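Notebook open, viewer loaded. I want to write down what I look up as I go, one entry per topic.

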Protein chains: 2
Amino acid sequence: MSVAIENFVKAIYKNDKNNTNDTKPGNIAKKLGISNAAATDMAKKLASKNLLKYEKYQALQLTDEGTKMALNVIRKHRLWEALLFKLFDMSLHEIHREAELLEHETSNFLADRISEYLGNPKFDPHGDPIPNAHGEITTIDNSIALSNTQEGKTYIISRLMSDDKEFFDFCALNGLKYGNSLLVTKQFNKNKMTQITINNNNIVLNEDFTNIIYVNESSY
Amino acid sequence: MSVAIENFVKAIYKNDKNNTNDTKPGNIAKKLGISNAAATDMAKKLASKNLLKYEKYQALQLTDEGTKMALNVIRKHRLWEALLFKLFDMSLHEIHREAELLEHETSNFLADRISEYLGNPKFDPHGDPIPNAHGEITTIDNSIALSNTQEGKTYIISRLMSDDKEFFDFCALNGLKYGNSLLVTKQFNKNKMTQITINNNNIVLNEDFTNIIYVNESSY
DNA sequence: AATTTAATTTAAGTATGCTTAAATATTATT
DNA sequence: AATAATATTTAAGCATACTTAAATTAAATT
(Lines give C-alpha, C1' and ligand atoms only; values in the text may rest on other atoms or scores of the structure.)
Protein backbone atom coordinates (compact mmCIF):
# COMPACT_ATOMS: atom_id res chain seq x y z
CA MET A 1 0.00 0.00 0.00
CA SER A 2 1.11 3.53 -0.76
CA VAL A 3 2.36 6.22 1.60
CA ALA A 4 -0.80 8.24 0.93
CA ILE A 5 -3.02 5.33 1.95
CA GLU A 6 -1.01 4.53 5.06
CA ASN A 7 -1.13 8.15 6.18
CA PHE A 8 -4.85 8.29 5.48
CA VAL A 9 -5.80 5.32 7.64
CA LYS A 10 -3.38 6.48 10.33
CA ALA A 11 -5.04 9.90 10.42
CA ILE A 12 -8.47 8.34 10.77
CA TYR A 13 -7.28 6.05 13.53
CA LYS A 14 -5.78 8.92 15.49
CA ASN A 15 -8.74 11.28 15.07
CA ASP A 16 -10.98 8.45 16.16
CA LYS A 17 -8.94 7.85 19.32
CA ASN A 18 -8.67 11.50 20.31
CA ASN A 19 -12.38 11.88 19.59
CA THR A 20 -12.04 15.61 19.97
CA ASN A 21 -12.02 15.70 16.20
CA ASP A 22 -14.23 13.45 14.21
CA THR A 23 -13.34 11.42 11.18
CA LYS A 24 -15.29 13.19 8.47
CA PRO A 25 -13.29 13.74 5.28
CA GLY A 26 -12.75 17.43 6.04
CA ASN A 27 -10.98 16.77 9.33
CA ILE A 28 -8.76 14.13 7.79
CA ALA A 29 -8.00 16.51 4.93
CA LYS A 30 -6.98 19.22 7.38
CA LYS A 31 -4.77 16.83 9.30
CA LEU A 32 -3.02 15.64 6.15
CA GLY A 33 -2.79 19.04 4.48
CA ILE A 34 -4.79 18.01 1.42
CA SER A 35 -8.02 19.34 -0.05
CA ASN A 36 -11.43 18.08 1.04
CA ALA A 37 -12.00 16.83 -2.46
CA ALA A 38 -8.87 14.70 -2.31
CA ALA A 39 -9.97 13.25 1.01
CA THR A 40 -13.41 12.32 -0.35
CA ASP A 41 -11.78 10.71 -3.38
CA MET A 42 -9.42 8.71 -1.22
CA ALA A 43 -12.23 7.68 1.11
CA LYS A 44 -14.18 6.19 -1.79
CA LYS A 45 -11.12 4.40 -3.04
CA LEU A 46 -10.30 2.90 0.36
CA ALA A 47 -13.91 1.84 0.85
CA SER A 48 -13.59 -0.20 -2.34
CA LYS A 49 -10.46 -1.80 -0.85
CA ASN A 50 -12.39 -2.66 2.31
CA LEU A 51 -10.17 -0.51 4.52
CA LEU A 52 -13.00 1.72 5.68
CA LYS A 53 -16.74 2.32 5.50
CA TYR A 54 -17.82 5.33 3.52
CA GLU A 55 -21.30 6.78 3.38
CA LYS A 56 -21.94 10.18 1.90
CA TYR A 57 -21.64 13.02 4.42
CA GLN A 58 -20.90 10.59 7.22
CA ALA A 59 -17.81 10.09 9.38
CA LEU A 60 -15.32 7.57 8.02
CA GLN A 61 -15.03 4.31 9.90
CA LEU A 62 -12.03 2.01 9.62
CA THR A 63 -12.77 -1.66 9.07
CA ASP A 64 -10.81 -4.24 11.05
CA GLU A 65 -8.46 -4.44 8.10
CA GLY A 66 -8.00 -0.66 8.03
CA THR A 67 -7.41 -0.55 11.78
CA LYS A 68 -4.82 -3.28 11.43
CA MET A 69 -3.02 -1.30 8.77
CA ALA A 70 -3.07 1.86 10.89
CA LEU A 71 -1.69 0.02 13.91
CA ASN A 72 1.01 -1.55 11.78
CA VAL A 73 2.19 1.87 10.61
CA ILE A 74 1.95 3.30 14.13
CA ARG A 75 3.97 0.35 15.40
CA LYS A 76 6.75 1.10 12.94
CA HIS A 77 6.64 4.81 13.72
CA ARG A 78 7.00 4.28 17.45
CA LEU A 79 9.66 1.61 17.14
CA TRP A 80 11.74 3.98 15.02
CA GLU A 81 11.25 6.71 17.58
CA ALA A 82 12.41 4.42 20.34
CA LEU A 83 15.45 3.26 18.36
CA LEU A 84 16.57 6.71 17.22
CA PHE A 85 16.07 8.09 20.72
CA LYS A 86 18.16 5.34 22.25
CA LEU A 87 20.98 5.29 19.73
CA PHE A 88 21.39 8.91 18.77
CA ASP A 89 19.90 10.87 21.64
CA MET A 90 17.83 12.91 19.23
CA SER A 91 15.06 15.21 20.50
CA LEU A 92 11.41 14.19 20.61
CA HIS A 93 10.75 16.46 17.69
CA GLU A 94 13.59 15.07 15.61
CA ILE A 95 12.72 11.41 16.19
CA HIS A 96 9.13 12.14 15.24
CA ARG A 97 10.13 13.88 12.03
CA GLU A 98 12.37 11.01 10.91
CA ALA A 99 9.96 8.28 11.98
CA GLU A 100 7.21 9.94 9.95
CA LEU A 101 9.21 9.08 6.81
CA LEU A 102 10.80 5.78 7.80
CA GLU A 103 7.53 4.20 8.97
CA HIS A 104 6.39 3.71 5.37
CA GLU A 105 9.54 1.99 4.16
CA THR A 106 9.97 -0.55 6.90
CA SER A 107 9.25 -4.23 6.40
CA ASN A 108 7.52 -6.21 9.13
CA PHE A 109 10.72 -8.21 9.34
CA LEU A 110 12.79 -5.13 10.14
CA ALA A 111 10.19 -3.83 12.58
CA ASP A 112 10.45 -7.10 14.47
CA ARG A 113 14.26 -6.85 14.54
CA ILE A 114 14.06 -3.32 15.97
CA SER A 115 11.52 -4.39 18.57
CA GLU A 116 13.63 -7.37 19.56
CA TYR A 117 16.77 -5.23 19.84
CA LEU A 118 14.96 -2.82 22.15
CA GLY A 119 13.58 -5.63 24.31
CA ASN A 120 10.06 -5.42 22.87
CA PRO A 121 9.23 -2.11 24.56
CA LYS A 122 5.59 -1.29 25.26
CA PHE A 123 6.04 2.48 25.10
CA ASP A 124 7.98 4.92 22.95
CA PRO A 125 9.88 7.99 24.22
CA HIS A 126 6.66 10.05 24.25
CA GLY A 127 5.00 7.43 26.40
CA ASP A 128 2.81 6.37 23.50
CA PRO A 129 2.02 2.65 23.47
CA ILE A 130 3.71 0.55 20.76
CA PRO A 131 1.34 -1.97 19.12
CA ASN A 132 2.81 -5.46 18.97
CA ALA A 133 3.27 -7.49 15.79
CA HIS A 134 -0.32 -8.74 16.04
CA GLY A 135 -1.74 -5.23 16.21
CA GLU A 136 -2.49 -5.40 19.90
CA ILE A 137 -1.96 -2.20 21.83
CA THR A 138 -1.58 -1.60 25.55
CA THR A 139 -4.02 1.00 26.79
CA ILE A 140 -2.88 3.08 29.71
CA ASP A 141 -5.92 3.20 31.96
CA ASN A 142 -4.53 4.87 35.04
CA SER A 143 -2.94 7.90 33.42
CA ILE A 144 -4.74 11.24 33.49
CA ALA A 145 -4.32 14.58 31.79
CA LEU A 146 -2.44 17.19 33.80
CA SER A 147 -5.58 19.31 33.69
CA ASN A 148 -7.32 16.74 35.92
CA THR A 149 -4.67 16.51 38.64
CA GLN A 150 -4.93 17.67 42.20
CA GLU A 151 -3.01 20.44 43.93
CA GLY A 152 -0.25 19.27 46.23
CA LYS A 153 0.15 15.87 44.65
CA THR A 154 3.22 14.49 42.90
CA TYR A 155 2.90 12.76 39.54
CA ILE A 156 5.08 10.98 37.01
CA ILE A 157 4.93 12.04 33.39
CA SER A 158 3.58 9.12 31.40
CA ARG A 159 2.86 10.64 28.01
CA LEU A 160 3.55 13.72 25.93
CA MET A 161 0.81 13.43 23.35
CA SER A 162 1.79 15.81 20.58
CA ASP A 163 3.59 16.12 17.28
CA ASP A 164 4.35 19.81 17.73
CA LYS A 165 7.90 21.13 17.67
CA GLU A 166 7.11 24.16 19.84
CA PHE A 167 5.66 21.92 22.53
CA PHE A 168 8.68 19.62 22.46
CA ASP A 169 11.08 22.54 22.62
CA PHE A 170 9.18 23.78 25.68
CA CYS A 171 9.36 20.32 27.24
CA ALA A 172 13.09 20.01 26.61
CA LEU A 173 13.70 23.44 28.09
CA ASN A 174 11.75 22.69 31.25
CA GLY A 175 12.62 19.07 31.95
CA LEU A 176 9.21 17.75 30.94
CA LYS A 177 10.24 14.26 29.94
CA TYR A 178 8.67 10.82 30.00
CA GLY A 179 9.33 9.29 33.42
CA ASN A 180 10.18 12.53 35.25
CA SER A 181 8.16 13.53 38.29
CA LEU A 182 6.46 16.82 38.96
CA LEU A 183 4.47 18.47 41.75
CA VAL A 184 1.16 20.20 41.02
CA THR A 185 1.27 23.40 43.04
CA LYS A 186 -1.86 25.17 41.82
CA GLN A 187 -4.87 24.60 39.56
CA PHE A 188 -6.24 27.85 38.14
CA ASN A 189 -9.63 26.39 37.31
CA LYS A 190 -11.06 29.63 36.00
CA ASN A 191 -8.34 30.08 33.39
CA LYS A 192 -7.78 26.35 32.91
CA MET A 193 -4.12 26.71 33.76
CA THR A 194 -1.91 24.59 35.99
CA GLN A 195 1.18 25.53 37.96
CA ILE A 196 3.73 22.81 38.58
CA THR A 197 7.13 22.49 40.19
CA ILE A 198 9.69 20.49 38.27
CA ASN A 199 13.45 20.51 38.79
CA ASN A 200 12.92 23.23 41.42
CA ASN A 201 11.33 25.53 38.87
CA ASN A 202 7.76 26.73 38.97
CA ILE A 203 6.09 26.82 35.59
CA VAL A 204 2.55 27.62 34.54
CA LEU A 205 0.98 25.61 31.74
CA ASN A 206 -2.00 26.71 29.71
CA GLU A 207 -4.91 24.58 28.58
CA ASP A 208 -3.24 23.53 25.31
CA PHE A 209 -0.44 21.89 27.23
CA THR A 210 -2.30 20.48 30.24
CA ASN A 211 -4.48 18.42 27.95
CA ILE A 212 -1.65 16.70 26.10
CA ILE A 213 0.58 15.99 29.11
CA TYR A 214 -0.50 12.79 30.80
CA VAL A 215 0.68 11.64 34.21
CA ASN A 216 0.38 8.78 36.67
CA GLU A 217 -0.02 9.25 40.40
CA SER A 218 3.31 8.84 42.07
CA SER A 219 3.35 5.94 44.53
CA TYR A 220 5.32 7.76 47.20
CA MET B 1 13.66 14.66 -5.30
CA SER B 2 11.58 11.57 -5.86
CA VAL B 3 12.48 7.92 -5.33
CA ALA B 4 12.34 7.36 -9.10
CA ILE B 5 14.86 10.14 -9.72
CA GLU B 6 17.19 9.01 -6.96
CA ASN B 7 17.20 5.47 -8.27
CA PHE B 8 17.77 6.71 -11.80
CA VAL B 9 20.89 8.73 -11.03
CA LYS B 10 22.14 5.94 -8.78
CA ALA B 11 21.79 3.43 -11.59
CA ILE B 12 23.71 5.67 -13.99
CA TYR B 13 26.44 6.21 -11.44
CA LYS B 14 26.84 2.50 -10.83
CA ASN B 15 26.78 1.50 -14.50
CA ASP B 16 29.33 4.19 -15.16
CA LYS B 17 31.65 2.87 -12.44
CA ASN B 18 31.38 -0.77 -13.45
CA ASN B 19 31.86 0.28 -17.07
CA THR B 20 31.02 -3.24 -18.17
CA ASN B 21 27.62 -1.82 -18.96
CA ASP B 22 27.22 1.57 -20.45
CA THR B 23 24.80 4.27 -19.45
CA LYS B 24 22.51 4.36 -22.46
CA PRO B 25 18.84 4.52 -21.55
CA GLY B 26 18.26 0.86 -22.37
CA ASN B 27 20.80 -0.39 -19.85
CA ILE B 28 19.45 1.87 -17.15
CA ALA B 29 15.95 0.69 -17.99
CA LYS B 30 17.01 -2.94 -17.65
CA LYS B 31 18.69 -2.26 -14.32
CA LEU B 32 15.63 -0.49 -12.93
CA GLY B 33 13.08 -2.88 -14.43
CA ILE B 34 11.29 -0.17 -16.40
CA SER B 35 10.65 0.19 -20.13
CA ASN B 36 13.15 1.86 -22.45
CA ALA B 37 10.55 4.50 -23.21
CA ALA B 38 10.27 5.35 -19.53
CA ALA B 39 14.03 5.66 -19.25
CA THR B 40 14.23 8.02 -22.23
CA ASP B 41 11.44 10.13 -20.78
CA MET B 42 13.16 10.32 -17.44
CA ALA B 43 16.50 11.15 -19.06
CA LYS B 44 14.97 14.16 -20.80
CA LYS B 45 13.35 15.29 -17.59
CA LEU B 46 16.57 15.01 -15.59
CA ALA B 47 18.52 16.82 -18.29
CA SER B 48 16.14 19.74 -17.84
CA LYS B 49 16.89 19.65 -14.12
CA ASN B 50 20.61 19.71 -14.84
CA LEU B 51 21.23 16.32 -13.26
CA LEU B 52 22.58 14.76 -16.44
CA LYS B 53 23.49 15.42 -20.06
CA TYR B 54 21.21 13.89 -22.62
CA GLU B 55 21.80 13.71 -26.35
CA LYS B 56 19.70 11.51 -28.57
CA TYR B 57 21.04 7.98 -28.92
CA GLN B 58 24.02 8.75 -26.71
CA ALA B 59 25.05 7.44 -23.32
CA LEU B 60 23.74 9.46 -20.35
CA GLN B 61 26.28 11.46 -18.42
CA LEU B 62 25.70 12.68 -14.89
CA THR B 63 26.51 16.32 -14.20
CA ASP B 64 28.39 17.21 -11.02
CA GLU B 65 25.02 17.84 -9.45
CA GLY B 66 23.73 14.45 -10.57
CA THR B 67 26.84 12.70 -9.31
CA LYS B 68 26.46 14.45 -5.97
CA MET B 69 22.89 13.24 -5.69
CA ALA B 70 23.88 9.67 -6.56
CA LEU B 71 26.66 9.67 -3.98
CA ASN B 72 24.31 11.08 -1.36
CA VAL B 73 21.86 8.21 -1.92
CA ILE B 74 24.67 5.65 -1.97
CA ARG B 75 26.01 7.12 1.27
CA LYS B 76 22.65 6.62 2.95
CA HIS B 77 22.30 3.12 1.53
CA ARG B 78 25.67 1.99 2.83
CA LEU B 79 25.27 3.66 6.21
CA TRP B 80 21.99 1.83 6.69
CA GLU B 81 23.63 -1.44 5.70
CA ALA B 82 26.39 -0.86 8.21
CA LEU B 83 23.94 0.03 10.99
CA LEU B 84 21.53 -2.85 10.39
CA PHE B 85 24.42 -5.29 10.13
CA LYS B 86 25.89 -4.13 13.40
CA LEU B 87 22.70 -3.91 15.43
CA PHE B 88 20.65 -6.81 14.16
CA ASP B 89 23.13 -9.21 12.61
CA MET B 90 21.07 -9.42 9.45
CA SER B 91 22.46 -11.10 6.32
CA LEU B 92 24.08 -9.18 3.48
CA HIS B 93 21.01 -9.80 1.38
CA GLU B 94 18.63 -8.60 4.06
CA ILE B 95 20.51 -5.40 4.87
CA HIS B 96 20.66 -4.59 1.16
CA ARG B 97 16.95 -5.14 0.72
CA GLU B 98 16.02 -2.87 3.62
CA ALA B 99 18.60 -0.19 2.77
CA GLU B 100 17.20 -0.03 -0.76
CA LEU B 101 13.99 1.39 0.72
CA LEU B 102 15.32 3.39 3.67
CA GLU B 103 17.93 5.26 1.61
CA HIS B 104 15.23 7.45 0.04
CA GLU B 105 13.59 8.50 3.29
CA THR B 106 16.65 9.49 5.25
CA SER B 107 17.53 13.11 5.96
CA ASN B 108 21.13 14.25 5.76
CA PHE B 109 20.83 14.97 9.46
CA LEU B 110 19.94 11.37 10.25
CA ALA B 111 22.62 10.03 7.91
CA ASP B 112 25.19 12.05 9.84
CA ARG B 113 23.89 10.68 13.14
CA ILE B 114 24.20 7.11 11.86
CA SER B 115 27.69 7.75 10.56
CA GLU B 116 28.75 9.33 13.84
CA TYR B 117 27.31 6.44 15.85
CA LEU B 118 29.29 3.95 13.75
CA GLY B 119 32.50 5.98 14.07
CA ASN B 120 32.33 7.38 10.54
CA PRO B 121 33.15 4.09 8.83
CA LYS B 122 34.75 4.17 5.39
CA PHE B 123 33.34 0.83 4.25
CA ASP B 124 30.07 -1.02 4.59
CA PRO B 125 29.66 -4.76 5.32
CA HIS B 126 30.15 -5.60 1.63
CA GLY B 127 33.41 -3.68 1.62
CA ASP B 128 31.85 -0.96 -0.51
CA PRO B 129 33.19 2.50 0.27
CA ILE B 130 30.83 4.90 2.05
CA PRO B 131 30.89 8.44 0.60
CA ASN B 132 31.29 11.10 3.28
CA ALA B 133 28.88 13.99 3.83
CA HIS B 134 30.69 16.04 1.17
CA GLY B 135 30.29 13.34 -1.46
CA GLU B 136 33.91 12.24 -1.30
CA ILE B 137 34.50 8.55 -1.70
CA THR B 138 37.54 6.44 -0.82
CA THR B 139 38.70 4.41 -3.78
CA ILE B 140 40.33 1.12 -2.99
CA ASP B 141 43.31 1.01 -5.31
CA ASN B 142 45.15 -2.06 -4.05
CA SER B 143 42.27 -4.52 -4.18
CA ILE B 144 41.96 -6.91 -7.13
CA ALA B 145 39.32 -9.26 -8.44
CA LEU B 146 39.73 -12.89 -7.39
CA SER B 147 40.09 -13.75 -11.07
CA ASN B 148 43.39 -11.87 -11.13
CA THR B 149 44.99 -13.54 -8.10
CA GLN B 150 47.97 -15.88 -8.08
CA GLU B 151 48.06 -19.55 -7.11
CA GLY B 152 49.51 -20.25 -3.71
CA LYS B 153 48.95 -16.79 -2.29
CA THR B 154 46.75 -15.80 0.64
CA TYR B 155 44.34 -12.88 0.34
CA ILE B 156 41.87 -10.99 2.49
CA ILE B 157 38.36 -10.43 1.18
CA SER B 158 37.88 -6.70 0.73
CA ARG B 159 34.67 -6.49 -1.22
CA LEU B 160 31.67 -8.55 -2.25
CA MET B 161 30.37 -6.46 -5.12
CA SER B 162 26.86 -7.71 -5.77
CA ASP B 163 23.21 -7.22 -4.96
CA ASP B 164 22.27 -10.80 -5.64
CA LYS B 165 20.63 -13.01 -3.03
CA GLU B 166 21.96 -16.25 -4.51
CA PHE B 167 25.51 -14.95 -4.36
CA PHE B 168 25.10 -13.83 -0.75
CA ASP B 169 23.58 -17.14 0.24
CA PHE B 170 26.59 -18.86 -1.32
CA CYS B 171 28.94 -16.51 0.56
CA ALA B 172 27.21 -17.11 3.88
CA LEU B 173 27.33 -20.86 3.35
CA ASN B 174 31.05 -20.88 2.56
CA GLY B 175 32.42 -18.26 4.93
CA LEU B 176 33.07 -15.71 2.22
CA LYS B 177 32.84 -12.61 4.33
CA TYR B 178 34.41 -9.16 4.32
CA GLY B 179 37.70 -9.37 6.21
CA ASN B 180 38.11 -13.15 6.06
CA SER B 181 41.22 -14.62 4.48
CA LEU B 182 41.45 -17.25 1.77
CA LEU B 183 44.14 -19.18 -0.09
CA VAL B 184 44.10 -19.41 -3.88
CA THR B 185 44.94 -23.02 -4.65
CA LYS B 186 44.38 -23.15 -8.42
CA GLN B 187 43.54 -20.87 -11.34
CA PHE B 188 41.79 -22.70 -14.15
CA ASN B 189 42.63 -20.10 -16.74
CA LYS B 190 40.99 -21.97 -19.60
CA ASN B 191 37.60 -22.16 -17.87
CA LYS B 192 38.05 -18.89 -16.01
CA MET B 193 37.48 -20.62 -12.69
CA THR B 194 39.34 -20.32 -9.41
CA GLN B 195 39.81 -22.84 -6.62
CA ILE B 196 40.28 -21.47 -3.13
CA THR B 197 40.67 -22.84 0.37
CA ILE B 198 38.67 -21.11 3.06
CA ASN B 199 37.86 -22.45 6.52
CA ASN B 200 39.64 -25.68 5.51
CA ASN B 201 37.21 -26.22 2.66
CA ASN B 202 38.15 -26.24 -1.01
CA ILE B 203 35.66 -24.50 -3.22
CA VAL B 204 35.69 -23.72 -6.90
CA LEU B 205 34.28 -20.42 -8.11
CA ASN B 206 33.16 -19.68 -11.64
CA GLU B 207 33.72 -16.51 -13.62
CA ASP B 208 30.54 -14.79 -12.40
CA PHE B 209 31.79 -14.96 -8.84
CA THR B 210 35.54 -14.39 -9.31
CA ASN B 211 34.81 -11.02 -10.91
CA ILE B 212 32.70 -9.65 -8.06
CA ILE B 213 34.84 -10.89 -5.18
CA TYR B 214 37.68 -8.46 -4.51
CA VAL B 215 40.66 -9.16 -2.28
CA ASN B 216 43.80 -7.55 -0.89
CA GLU B 217 47.15 -9.29 -0.67
CA SER B 218 47.66 -10.57 2.81
CA SER B 219 50.67 -9.02 4.52
CA TYR B 220 51.87 -12.27 6.06
C1' DA C 1 -39.06 27.35 9.85
C1' DA C 2 -36.28 30.01 6.80
C1' DT C 3 -31.94 31.48 5.89
C1' DT C 4 -27.14 31.71 6.22
C1' DT C 5 -22.85 29.34 6.81
C1' DA C 6 -20.00 25.50 6.42
C1' DA C 7 -18.86 20.97 4.88
C1' DT C 8 -19.02 17.64 1.39
C1' DT C 9 -19.23 16.01 -3.10
C1' DT C 10 -18.83 16.16 -8.08
C1' DA C 11 -16.46 17.52 -12.13
C1' DA C 12 -12.65 18.79 -14.70
C1' DG C 13 -7.83 19.17 -14.89
C1' DT C 14 -2.65 18.44 -13.61
C1' DA C 15 2.11 16.22 -12.70
C1' DT C 16 4.54 12.04 -12.05
C1' DG C 17 6.03 7.82 -13.58
C1' DC C 18 4.91 4.33 -15.71
C1' DT C 19 2.90 1.22 -19.96
C1' DT C 20 2.53 -0.63 -25.05
C1' DA C 21 2.90 0.03 -29.97
C1' DA C 22 4.83 2.16 -33.85
C1' DA C 23 8.45 4.82 -36.00
C1' DT C 24 13.14 5.85 -36.39
C1' DA C 25 17.99 5.51 -35.75
C1' DT C 26 22.09 2.80 -34.69
C1' DT C 27 24.90 -1.28 -34.64
C1' DA C 28 26.13 -5.77 -36.20
C1' DT C 29 26.28 -9.24 -39.74
C1' DT C 30 26.82 -11.02 -44.02
C1' DA D 1 27.59 -1.56 -48.78
C1' DA D 2 23.20 -3.64 -48.02
C1' DT D 3 20.51 -5.95 -44.82
C1' DA D 4 19.13 -7.74 -40.47
C1' DA D 5 18.91 -7.17 -35.64
C1' DT D 6 18.82 -4.20 -31.82
C1' DA D 7 18.23 0.12 -29.37
C1' DT D 8 16.10 4.40 -28.97
C1' DT D 9 12.59 7.60 -29.47
C1' DT D 10 7.92 9.25 -30.20
C1' DA D 11 3.12 8.93 -29.44
C1' DA D 12 -0.84 7.71 -27.04
C1' DG D 13 -2.67 6.11 -22.85
C1' DC D 14 -3.12 4.79 -17.80
C1' DA D 15 -3.18 4.95 -12.44
C1' DT D 16 -2.17 7.61 -8.46
C1' DA D 17 -2.79 11.47 -5.83
C1' DC D 18 -3.38 15.63 -5.92
C1' DT D 19 -5.62 20.59 -7.41
C1' DT D 20 -9.52 24.35 -8.07
C1' DA D 21 -14.25 25.59 -9.01
C1' DA D 22 -19.01 24.68 -8.94
C1' DA D 23 -22.91 22.16 -7.13
C1' DT D 24 -25.08 19.96 -3.47
C1' DT D 25 -26.13 18.69 1.21
C1' DA D 26 -25.92 19.32 6.14
C1' DA D 27 -25.51 22.17 10.21
C1' DA D 28 -25.96 26.47 12.57
C1' DT D 29 -28.17 30.81 13.29
C1' DT D 30 -31.68 33.94 13.49
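My entries below go from domains to DNA, then to the protein interface and the salt bridges.

**Entry 1: what I'm looking at**

First a reminder to myself: this is a predicted model. I looked up the domains of chain A and got two entries from the assignment, domain 1 at 3-62 and domain 2 at 144-217. I then checked how far apart their centres sit, and over C-alpha atoms the separation is 31 Å.

**Entry 2: DNA strand C**

Which residues come nearest to DNA strand C? I found 21 residues around the strand, and the nearest are Lys24(A), Lys44(A), Tyr57(A), Ser2(B) and Lys45(B). On the DNA side, 80% of the strand C atoms within 4 Å of the protein belong to sugar and phosphate.

I went through some phosphate contacts next. Ser2(B) puts a polar side-chain atom 2.4 Å from a phosphate oxygen of strand C. Tyr57(A) uses its backbone instead, with a polar atom 2.7 Å from a phosphate oxygen. For Lys56(A) I noted a side-chain N or O atom at 3.2 Å from a phosphate oxygen of strand C.

By element, chain A brings helix H2 (25-32) and helix H3 (36-48) to this surface, and chain B brings its own helix H3 (36-48), each with at least two residues. I sorted the surface by residue class and got 9 nonpolar, 6 polar and 6 charged.

**Entry 3: DNA strand D**

Now the other strand. DNA strand D is surrounded by 21 residues, with Ser2(A), Lys45(A), Lys24(B), Lys44(B) and Tyr54(B) the closest. Sugar and phosphate make up 80% of the strand D atoms that come within 4 Å of the protein.

Phosphate contacts again, this time from chain B. A polar backbone atom of Tyr57(B) is 2.7 Å from a phosphate oxygen of strand D. Gly26(B) also offers a backbone N or O atom, at 2.8 Å from a phosphate oxygen. The side chain of Lys56(B) has a polar atom 3.2 Å from a phosphate oxygen of the strand.

Here chain B supplies helix H2 (25-32) and H3, while chain A supplies H3, again at least two residues from each. The class split I wrote down for the strand D surface is 9 nonpolar, 6 polar and 6 charged.

**Entry 4: chain A against chain B**

How many residues of each chain are in contact across the A/B interface? I get 19 from chain A and 19 from chain B. The buried area is about 1700 Å², and carbon and sulfur atoms give 75% of that. On the chain A side, Phe88(A), Glu105(A) and Phe109(A) lose the most area, together 32% of what that side buries.

I searched for salt bridges between the two chains and the count is 0. Polar contacts come to 2 residue pairs, with both residues at pLDDT 80 or more. Helix H4 (64-88), helix H5 (92-102) and helix H6 (108-117) of chain A each give at least two residues to the side touching chain B. That side divides into 12 nonpolar, 2 polar and 5 charged residues.

**Entry 5: salt bridges**

Over all chains I count 21 salt bridges. I picked one to follow up: Asp128(A) with Arg159(A), whose closest N and O atoms are 2.6 Å apart. Asp128(A) is in the loop between H6 and strand E3 (144-145) of chain A, and Arg159(A) is in strand E4 (residues 154-160), so this pair ties together parts 31 residues apart in sequence.

Definitions and conventions: Residues are numbered from 1 along each chain as its sequence is written. Chains are lettered from A and ligands numbered from 1 in the order in which they are written. This is a predicted model: local features need pLDDT of at least 70, side-chain atom pairs count only at pLDDT 80 or more; totals for chains, interfaces and linings use all residues. Side-chain values use heavy atoms; hydrogens and water are left out. Domain bounds come from an automatic or database domain assignment. A residue is near a molecule or strand if one of its heavy atoms lies within 4 Å of it. A polar contact is a pair of N or O atoms within 3.5 Å; within protein, one must be able to donate a hydrogen and the other to accept it, and residues adjacent in sequence count only if both atoms are side-chain atoms. Helices (H or I, at least four residues) and strands (E, at least two) are DSSP runs, numbered from the N terminus. Ala, Val, Leu, Ile, Met, Phe, Trp, Tyr, Cys and Pro count as nonpolar, Asp, Glu, Lys and Arg as charged, and the others, Gly among them, as polar. Contact means heavy atoms within 4.5 Å. Buried area is the accessible area (1.4 Å probe) that two parts lose on being put together, summed over both. A salt bridge is a side-chain nitrogen of Lys or Arg within 4 Å of a carboxyl oxygen of Asp or Glu.
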